[in-house]
Amino acid sequence: MQVVDINQGEDVFGREIVTTVADSLAKIVLKDDTNLSVGPNSSVALDNFVYSGPSDFRKASFGVAKGALRFTSGGSDRRSYQMRTPTATIGVRG
């Protein structure tokens, strides 16, 4: 596995793992305006993205290995998103 630092404005892709350390955060914005905010000491796999249009997902799946993640869905159908966790606590607002 190759580890590289990512900086603000750089692209990430499917089948990559985003890992943060104690003093870092990551915010990932997908083409449909979905937001993933990855907290400190966290690891999230960007598993699979299948588009049904220029900016809509037919399927978007993520795997949360550890840590905290805030997910705000974008313009794709709500059934398009899949989140895998070993165990999870979830809060729903709105």
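Ala68 counts as partly exposed in this predicted model, because its relative accessibility is 45%. The residue sits in the loop between β5 and β6. Setting aside neighbours within four places in sequence, Ala68 is in contact with Ser37, Val38, Gly39 and Ser42. The C-alpha atoms of Ala68 and Thr85 are separated by 11 Å, with their positions 17 residues apart along the chain counted as the distance apart.

I turn next to two other loop residues. Thr34 is found in the loop between β2 and β3. Is Thr34 buried or exposed? Its relative accessibility is 0%, and Thr34 therefore counts as buried. Beyond residues up to four places away in sequence, Thr34 touches Ile28 and Val29, then Phe71, Thr72, Ser73 and Gly74, and finally Tyr81. Thr34 and Tyr81 are 47 residues apart along the chain, and their C-alpha atoms are separated by 9.9 Å.

Ser80 belongs to the loop between β6, residues 69-72, and β7, residues 81-84. With a relative accessibility of 7%, Ser80 also falls under the 20% limit and so counts as buried. Not counting residues up to four places away in sequence, Ser80 touches Phe57, Arg58, Lys59 and Ala60.

Two of those contacts of Ser80, Phe57 and Ala60, bring me to the nonpolar core. In soluble globular proteins, nonpolar side chains tend to be buried together. Here the largest nonpolar core has 13 residues. Which of them touch the most other members? They are Ile28, Leu30, Leu46, Phe49, Phe57, Ala60 and Phe62. Two or more residues of this core come from each of β2, β3 (35-38), β4 and β5 (57-66).

Phe62 deserves a separate word. Leaving aside neighbours within four places in sequence, Phe62 is in contact with Leu30, Leu36, Ala45, Leu46, Asp47, Phe49, Phe71, Tyr81, Gln82, Met83 and Arg84. Among these contacts are Asp47 and Arg84, and those two residues also form a salt bridge with each other.

How many salt bridges does the structure hold? There are 2. In the bridge between Asp47 and Arg84, the closest N and O atoms are 2.5 Å apart. Asp47 lies in strand β4 and Arg84 in strand β7, so this pair ties together parts that are 37 residues apart in sequence. Arg84 counts as partly exposed, because its relative accessibility is 45%.

The other bridge joins Arg79 to Asp77, with the closest N and O atoms 2.8 Å apart. Arg79 has a relative accessible area of 69% and is therefore exposed, whereas Asp77, at 36%, counts as partly exposed.

Finally, I come to the largest pocket. How much space lies in the largest pocket? The volume is about 1000 Å³. The pocket is lined by 31 residues, and those closest to its centre are Ile6, Asp11, Val12, Glu16 and Val18. By class, the lining comprises 17 nonpolar, 8 polar and 6 charged residues. At least two lining residues come from each of β1 (16-19), β2 (26-29) and β4 (43-51).

To close, β2 and β4 appear in both descriptions: each gives two or more residues to the largest nonpolar core, and each supplies at least two residues of the lining of the largest pocket.

Technical notes. Residues are numbered from 1 along each chain as its sequence is written. This is a predicted model: local features need pLDDT of at least 70, side-chain atom pairs count only at pLDDT 80 or more; totals for chains, interfaces and linings use all residues. Side-chain values use heavy atoms; hydrogens and water are left out. On a 1 Å grid over the protein atoms alone, a cavity is a set of points where a 1.4 Å probe fits but cannot get out, and a pocket is an open set with protein on both sides within 12 Å along at least five of seven lines; lining residues have an atom within 4 Å of a point. Grid points are joined across faces, edges and corners, and a volume is the space filled by probe spheres set on the points. Helices (H or I, at least four residues) and strands (E, at least two) are DSSP runs, numbered from the N terminus. Ala, Val, Leu, Ile, Met, Phe, Trp, Tyr, Cys and Pro count as nonpolar, Asp, Glu, Lys and Arg as charged, and the others, Gly among them, as polar. A nonpolar core is a set of buried Ala, Val, Leu, Ile, Met, Phe, Trp, Tyr and Cys residues joined through side-chain atoms within 4.5 Å. Buried means under 20% relative accessible area, exposed over 50%, partly exposed in between (1.4 Å probe, protein chains only). Contact means heavy atoms within 4.5 Å. A salt bridge is a side-chain nitrogen of Lys or Arg within 4 Å of a carboxyl oxygen of Asp or Glu.
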